[in-house]
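Student: Please take a close look at one part of this model, the nonpolar core. I would like one connected account.

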Amino acid sequence: MLSIDPAHNSERENYKFLIGSIIPRPIAFVTTRSKEGVLNGAPFSYFNIVSSNPPMISLSIQRSEERQKDTARNIIESKEFVVHIVDENNVEKVNETAATLPSNQSEVMVAKLTPVESEKVSVPGVKESKIRMECVLEHSLELGGVNTPGCDFIIGKVVQFHIEEGIYEKGRIDPKALGAVSRLTGVNYAKIGEIFSIERPN
């Protein structure tokens, strides 16, 4: 077995090792609004649950050439954002929002996604998602980097859930009907495959 010291790797080598190992990763499509009123949208696969009491999620938003991304800056400034689950039906449009655009241009509009008003935050969500979560900023941390931060770690508290009726029954979500996709490496994604059950020990 190979033994690798990440301190001897480049940032890119560590990135490739991590994204190739920690798979599949759920994808959050996140909408935010800038101070100028531009509706920003971007996908992130460094995303997961933090807590269910209260409901909280996390996003790790990597900086590019030491520059904070629009999504992180907008969340920290406005304290609000909306997280959408990426699925088989919306993944191609969401992928379009990963393009590098000027801050004054809306990825949501470029991808022809449909804004929909939120109930408890001022940031709109998008109609093309079966699940969306309105969030307020709970904590933000600057992490990593030798002299400057490498990422903005965001913890958001969910203040409103929205879910398509047909995939939700008796308090449970049908994973096949949701059709969530996950991130692998490079240009590769994964669908929900074979589902198997293992009973937990007492």
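Tutor: Here is the core, followed by a hairpin, the cysteines and one buried acid.
This is a predicted model, in which local features need pLDDT of at least 70 and side-chain atom pairs count only at pLDDT 80 or more, while totals for chains, interfaces and linings use all residues. Residues are numbered from 1 along each chain as its sequence is written, and side-chain values use heavy atoms, with hydrogens and water left out.

Start with the core. A nonpolar core is a set of buried Ala, Val, Leu, Ile, Met, Phe, Trp, Tyr and Cys residues joined through side-chain atoms within 4.5 Å. Buried means under 20% relative accessible area, with a 1.4 Å probe and protein chains only. The largest such core has 22 residues. Val30, Ile57, Leu59, Ile75, Phe81 and Val83 have the most contacts inside it. At least two residues each come from β2 (28-33), β3 (39-44), β5 (55-62), α2 (70-78), β6, β9 (131-143) and β10 (151-163). The largest share, four residues, is supplied by β9. Helices (H or I, at least four residues) and strands (E, at least two) are DSSP runs, numbered from the N terminus.

Take Ile75. Beyond its neighbours within four places in sequence, Ile75 is in contact (heavy atoms within 4.5 Å) with Val30, Thr32, Leu59, Ile61, Glu80, Phe81, Leu137 and Ile154. A second, separate core has 14 residues, including Leu39, Val108, Val121 and Val181.

Now the hairpin. β2 and β3 run antiparallel and are joined by six bridges; strands pair if DSSP finds at least two bridges between them. Phe29 stands opposite Pro43 in β3. Five residues lie between the two strands, and Gly37 in the turn has a positive phi of about 90 degrees. Five of the six residues of β3 are buried, so β3 is largely enclosed by the rest of the structure.

Next, the cysteines. The structure holds zero disulfides, a disulfide being a pair of cysteine sulfur atoms within 2.5 Å. The sulfur of Cys135 is 18 Å from the closest cysteine sulfur, in Cys151, too far for a bond. Cys135 counts as buried because its relative accessibility is 0%. Cys151 is buried too, at 9%.

Last, the acid. Asp87 sits in the loop between β6 (80-85) and α3 (91-96). Asp87 is buried yet has no salt bridge, which would need a side-chain nitrogen of Lys or Arg within 4 Å of a carboxyl oxygen of Asp or Glu. The nearest side chain of opposite charge, Lys130, is 4.7 Å away.

Conventions: Buried < 20%, exposed > 50% of the residue type's maximum accessible area, 1.4 Å probe, protein only. Lys, Arg positive; Asp, Glu negative; His and termini not counted.
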